Amino acid sequence: MHKRRSRSVLFILGLAAVAWLSSAGAAFAASDGSALYAHAVEADDSVSYSGTLTSVVYETDHASSTVARIEHKAPNDWRIWYVAPEDAYGRMIVSNESLTYQYEPSRGRVYSHDFNQTAPGILAPVDLARVEANYSVEMGPPSSVAGRKVTSLSLVSKNTGSVVQRLWVDDQTKLILRRENYAADGNVGSRSSFDSIRIGVKLPQALFDLTVPAGMTLKSGTSYGKSTTNTTQLIKDLDFKFAPPKYLPNGFTLERGSLASHDGVNTVEFVYGDGIRTFSLFENATGRLPRFDRGEPTPIHIGEATGEFAEVEGQSLASWNAAGLNFTIVGDLSTKEIAKIGASIHP
Amino acid sequence: MTDYQHRELDAVSDAAVYEHLQSCADCREELEANSALTESLRNAFATELEMPTSILAGVRQAVRSEKTPVLRLNLRALLRPAIFAPAAAAIVLVAGIASYVGNTPTNAGPQLSTDYFVRQHVAHTMSSQSGDRAWNAYLLTSNTGDNANAQAP
């Protein structure tokens, strides 16, 4: 009897110890995960490499895949050569993260892109404080990618409890070797993974020279609106009255805006984010829904209006009209979130 | 587990299952097996299968031969004055109301495409040079058009 009681006590003590150890372990794993994440998002600033990356973007009814050979000389030089799909074979991108040349040998053209103006996210450091405020970074079991030992990280939203992104981080260099982004419905929205990689290769600087070979012509690439954080001035400069959303999902804030003119239409774009997820709100004075080139749209109710919704390139897209304006939301959002944001806009 | 995998659970249950998975190797293994199966099915159905042209031709032929008389009969029925006159009046009335209400989409102005909005969004939110979106075709300039500002490939 005494022995049995002793065993029971030992068993309870054991359970308590296991519970304490696992809670302590979880806390350790979470803080460790955040530290590893902080290293991972900056690793390519200091690690040069050469490898083959396969990316897949899933849409409602199909998936599109790209295979590219990437040569990266830290901190800012990139050379990306497309292997697949077939119609992209031979395309080459050379970039210093500010100016980018897109070589199209089949047309004898080089297109110049100034992503420094349009894509500030490339140069801006990841806002770790915001990521930590909105996400818990959970470490997973060790595994391997492209023959290298990695540790997986899951970014779990503190607001919804959903896994939004998973990263596989190289144990030695902290480079992100595999990444999965999850759509708002929980399915994988896109995935990229190195099939092979060589770390620390010595790459000659000449590989990254922005030059135009003989026989090719330099042209300006597709233009995008210049991004600014001075959104107050941007709103003042508009030729129509911007209507802001009164509701944003938990953790989301306004990050920046831009104004672009396309086909004679001035469209303002405001980008909102929570550190990982983003969405853009577009407004213009056309009062006309966009043409759905890809994806079959379905009706969506936004407040009193009825708009159209589709998944395009792994992004949720909804568009509706009100008071002579057209509103379009694109991003990592569920239809419920889009409807709620849209209904809070009162033009 | 299936509900968890397909994001059918509410936030509290979802978080509870997630927490359990962190400490239960068996369940984790089961989840991974299910995910692998789902992925295999997704990949299997990702490939579009085409029907033999002979079958397609047969189906088209059958549809054509059946549809014509039905369509003609329906048109005749619709053109009877008792149906046509009220229907025409209703159409005129609806068109008048639609042009009066300002919120109704019009076809007069320029129309942007969804591709345009997605490209702008991707350009303004990409954060990594090697990320899956960074060199996405949406950001690049068309390889087929002469206009540098044409649609991306």
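Biologist: Which residue in E19(A) is the bridge partner of A:Glu283?
Modeller: Keep in mind that this is a predicted model. A:Glu283 falls within strand E15 of chain A, residues 278-284, and this strand runs antiparallel to E19(A), with 6 bridges joining the two. Another pair to look up is A:Phe279, which stands opposite A:Gly331 in E19(A). As for A:Glu283, its bridge partner in E19(A) is A:Phe327.

Biologist: And over how many bridges do E18 and E19 of chain A pair?
Modeller: Start with one pair you can find by eye: A:Ser319 has A:Thr328 as its bridge partner in E19(A). Strand E18 covers residues 315-322, and its pairing with E19(A) is antiparallel. The number of bridges between E18(A) and E19(A) is 7.

Biologist: Which residue takes a positive phi in the hairpin of E18(A) and E19(A)?
Modeller: Look at the stretch between the two strands, where there are 2 residues. One of the residues in this hairpin has a positive phi near 50 degrees, and that is A:Ala323.

Biologist: Which strands are the edge strands of the open sheet that holds E19(A)?
Modeller: Let's walk across the sheet. Its 7 strands, all from chain A, come in the order E13-E14-E15-E19-E18-E17-E16, with antiparallel pairing. An edge strand pairs on one side only, and here that goes for residues 253-262 and 298-302 of chain A, in other words strands E13 and E16.

Biologist: How many degrees does the twist average from one strand to the next?
Modeller: Picture stepping through the order E13-E14-E15-E19-E18-E17-E16 in chain A. From one strand to the next, the twist averages 25 degrees.

Biologist: Why is strand E19 of chain A largely enclosed by the rest of the structure?
Modeller: Check which way its residues point. A:Leu325, A:Phe327, A:Ile329 and A:Gly331 point one way, A:Asn326, A:Thr328 and A:Val330 point the other way, and all are buried. A residue counts as buried here if 20 or more other C-beta atoms lie within 10 Å of its own. So E19(A), residues 325-331, is largely enclosed because its count of buried residues is 7 of the 7.

Biologist: Which helix of chain A lies across E16, E17, E18 and E19?
Modeller: Look for the helix at residues 335-343 of chain A. This helix runs at about 45 degrees to E16(A). Its name is H5.

Biologist: Which element gives the most residues to the largest nonpolar core?
Modeller: This core has 36 residues, and A:Leu317, A:Ala318, A:Ile329 and B:Phe117 touch the most other members. The elements giving two or more residues are E14, E15, E17, E18, E19 and H5 of chain A, together with helix H6 of chain B. The one that gives the most, with 5 residues, is H6(B).

Biologist: Which residues of chain B does A:Leu317 touch?
Modeller: Leave out residues up to four places away in sequence. On the chain A side, A:Leu317 then touches A:Phe309, A:Ala310, A:Val312, A:Thr328 and A:Val330. On the chain B side, A:Leu317 touches B:Thr114, B:Phe117 and B:Val118.

Biologist: How many residues of H6(B) are buried?
Modeller: H6(B) reaches 17 Å from its first C-alpha to its last, close to the 16 Å expected at 1.5 Å a residue. Its buried residues include B:Tyr116, B:Phe117, B:Arg119 and B:His121. H6(B) is mostly covered, and of its 12 residues the number buried is 11.

Biologist: What pattern does chain B follow along the sequence?
Modeller: Count its elements: chain B has 6 helices and 0 strands. Buried residues make up 17% of its 153 residues. Read along the sequence, the pattern is α-α-α-α-α-α.

Biologist: What percentage of the 347 residues of chain A count as buried?
Modeller: Chain A has 5 helices and 19 strands. For its contacts with a separation of 6 or more, residues 24 or more positions apart account for 51%. The share of chain A that counts as buried is 38%.

Biologist: Over how many bridges do E1 and E11 of chain A pair?
Modeller: Take one pair to begin with: in E11(A), A:Ser55 has A:Ser192 as its bridge partner. E11(A) is also joined to strand E10 of chain A, by 5 bridges. Between E1(A), residues 49-58, and E11(A), residues 188-199, the pairing is antiparallel and the number of bridges is 9.

Notes. Residues numbered from 1 in each chain as written. Chains lettered and ligands numbered in written order. Predicted model: local features only at pLDDT ≥ 70, side-chain atom pairs only at ≥ 80, totals over all residues. Helix = DSSP H or I, 4+ residues; strand = E, 2+ residues; numbered from the N terminus. Pairing = 2+ DSSP bridges. Axes fitted to C-alpha atoms, helices over the stretch in contact; angles between N-to-C directions. Contact = placed C-beta atoms within 7 Å. Core = buried A, V, L, I, M, F, W, Y, C linked by C-beta atoms within 7 Å. Expected span 1.5 Å × (residues − 1).
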